[in-house]
Amino acid sequence: MIRAGIVGAAGYVGSTLVRLVHEHPHLDLEFVGSSTHAGKLVSDIYAFVQDPDLVFSQFDPLSPPNVDVLFMAM
């Protein structure tokens, strides 16, 4: 499984990426970055995400998330 993250997940492109990565059989969505929704559950914003532990986080370029691929939807 490939660990994936998305920075800018609250915008139009970011929300589409969240859906595509979440539904992809070989990707595991582990990081969802959004400055406007930081601290909120992803499932509260996107009903199609059923992971109760996935939370929007603030992206820090000096301490990037531990993922295999990071999508930048900025």
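Where is Val-55 found? In this predicted model, Val-55 is located in the loop between H2 and S3. Its relative accessible area is 30%, and the residue is therefore partly exposed. Leaving aside residues up to four places away in sequence, Val-55 touches Val-32, Gly-39, Lys-40, Leu-41 and Val-42. The C-alpha atoms of Val-55 and Glu-30 are 9.2 Å apart in space, while the two residues are 25 residues apart in sequence.

Two of the residues touched by Val-55, Val-32 and Val-42, also appear in the description of the nonpolar core. The largest such core has 15 residues, and those with the most contacts inside it are Ile-6, Val-18, Leu-29, Val-32 and Val-42. Strand S1 (2-7), helix H1 (12-23) and strand S2 (27-33) are the elements that give two or more residues to this core. Ile-6 has contacts with residues that include Val-18, Leu-29 and Val-32, as well as Leu-70 and Phe-71, when residues up to four places away in sequence are not counted.

Aromatic rings were examined next. The count comes to three aromatic pairs. In one of them, the ring centres of Tyr-46 and Phe-56 are 6.2 Å apart and the planes lie at 55°, so the pair is tilted. Tyr-46 lies in the loop between helix H2 (42-45) and strand S3 (56-57), whereas Phe-56 belongs to strand S3, so the pair ties together parts that are 10 residues apart in sequence. Tyr-46 counts as buried because its relative accessibility is 10%. Phe-56 is buried as well, with a relative accessible area of 1%. Through ring pairs, Tyr-46, Phe-48 and Phe-56 are linked into a cluster.

Notes
Residues numbered from 1 in each chain as written. Predicted model: local features only at pLDDT ≥ 70, side-chain atom pairs only at ≥ 80, totals over all residues. Heavy atoms only, no water. Phe/Tyr/Trp six-rings, centres within 6.5 Å; stacked < 30°, edge-to-face > 60°. Helix = DSSP H or I, 4+ residues; strand = E, 2+ residues; numbered from the N terminus. Buried < 20%, exposed > 50% of the residue type's maximum accessible area, 1.4 Å probe, protein only. Core = buried A, V, L, I, M, F, W, Y, C linked by side-chain atoms within 4.5 Å. Contact = heavy atoms within 4.5 Å.
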